[in-house]
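Hi there,

Here is the structure I promised to pass on. Have a look at it first, and then read my notes below.

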Amino acid sequence: MVEQTGYRPSLQAQTLRTKRTKLIGVIVPRINSGAVGSIVAGVLSVLDAGGYQMLLADTQNAPEKEIEYLTVFDEKQVDGVIFAATVFTPEHRRIMKGMSVPAVVTGQRIAGYNCVYYDDYHAAYDITKLMLGKGKRKLGFISVPHRDAAAGLERFRGYCRAVEDAGLTELAENYVISDFSLKSGYEKMKELMERCGELDGVVCATDTIAVGGMQYLKERGVNLPGQMMIAGHGNSAISDVTTPTLTTVHYSFEESGVLSARILLENIEDKSAAVKEIMMGYRLVEKESTGKPD
């Protein structure tokens, strides 16, 4: 009896017998992101219940580090990999196609691969339409790099389609590209205003960018939301403590982590499991930065 002897089977012995390590590699772009933290929490809840341990790799938004970790995890023979992707290059595709263990991509839709992703396009469309519905007619957009197909390209496309459908096609030119930081949000709001003149609304690709932009606007004495409305994406904790509170989009990040881990474990158990591509929903969270909800 284990209780009597204190005996525990060694990990090495279990690995030799079952051909499994009970280790899962998880690759994330930056652990200091609220969205990433929620995804990881969801993954952990499933791995813990299944008796797996997690090896976490933080790439600091460097695609070359993502490729390096994909290779390392495959060589070290973890049982599977969850990849919270921001970009997906031909090199990513080549590495993943040749991996000996199953993998799930979280946050990007990659045709032919197990993936859990978000409806970024319609989320950006709807939050832009919200401002248009409040009479705003000179909007701008602060994007993240479009090599990030989800948070970058799809959210930008959603904004563009919304202004085009409103007969304001020229507003699709009112955009700048930011990184994911508060500092860049501040700087890019300044750049957007200098390029486009006085705007009456700005949609931002992330909450963090929006908060940085709000700081710039406050320093200029711009009244929010009276003179200008602003919105972000992510429904992060920071959106509730800004003044005014930040209108945003809620994505089910933790649930996406749960689903990603479940799909991965299914593939570990059944090598012939069908590929799953799952799109998560979203909801608008209207707060003070776009005026009181109607």
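What follows is a short tour of one helix, the aromatic pairs and two charges over rings.

Please keep in mind that this is a predicted model.

Let me begin with helix α4, which runs over residues 63–75. At 1.5 Å a residue, its 13 residues should span 18 Å, and the end C-alpha atoms are 19 Å apart, so expectation and model agree. Six names are worth marking on your display: Pro63, Glu66, Ile67, Leu70, Phe73 and Asp74 are buried in α4. These residues lie on the same side of α4, because they cover an arc of only 135 degrees around the axis. What do the buried residues of α4 pack against? Their partners are the strands β1 (23–28), β2 (53–58) and β3 (80–84), together with helix α5 (90–97). On the other side of α4 you will find Glu64 and Glu75, both exposed. If you follow the chain just past the end of α4, you come to glutamine 77, which takes a positive phi of about 60 degrees.

Now to the rings. Searching the whole structure turned up nine aromatic pairs. One of them joins tyrosine 118 and tyrosine 251 in a tilted arrangement, with 5.6 Å from centre to centre and 55 degrees between the planes. Tyrosine 118 belongs to strand β5 (residues 115–118) and tyrosine 251 to strand β10 (residues 248–251), so this pair ties together parts that are 133 residues apart in sequence. With a relative accessibility of 7%, tyrosine 118 counts as buried, and tyrosine 251 is buried too, at 1%.

Tyrosine 118 also pairs with phenylalanine 253, this time edge-to-face: the centres are 5.3 Å apart and the planes are at 80 degrees. Since phenylalanine 253 lies in helix α10 (residues 253–269) and tyrosine 118 in β5, the pair ties together parts that are 135 residues apart in sequence. Phenylalanine 253 is buried, as is tyrosine 118.

Elsewhere, Phe141, Phe156, Tyr159 and Tyr175 form one aromatic cluster.

Finally, two spots where a charge meets a ring. Lysine 22 lies over the face of tyrosine 52, 3.8 Å from the ring centre. Arginine 30 places its charged end over the ring of phenylalanine 180, at 4.4 Å from the centre of that ring.

Enjoy looking around, and do write back with any questions.

Best wishes

Definitions and conventions
Residues are numbered from 1 along each chain as its sequence is written. This is a predicted model: local features need pLDDT of at least 70, side-chain atom pairs count only at pLDDT 80 or more; totals for chains, interfaces and linings use all residues. Side-chain values use heavy atoms; hydrogens and water are left out. Helices (H or I, at least four residues) and strands (E, at least two) are DSSP runs, numbered from the N terminus. The expected span of a helix is 1.5 Å times one less than its number of residues. Buried means under 20% relative accessible area, exposed over 50%, partly exposed in between (1.4 Å probe, protein chains only). The arc is that of the directions from the helix axis to the C-beta atoms. Contact means heavy atoms within 4.5 Å. Rings of Phe, Tyr and Trp (its six-membered ring) pair if their centres lie within 6.5 Å; planes under 30 degrees apart count as stacked, over 60 as edge-to-face and the rest as tilted. A charge sits over a ring if NZ of Lys or CZ of Arg is within 6 Å of the ring centre and within 35 degrees of the ring normal.
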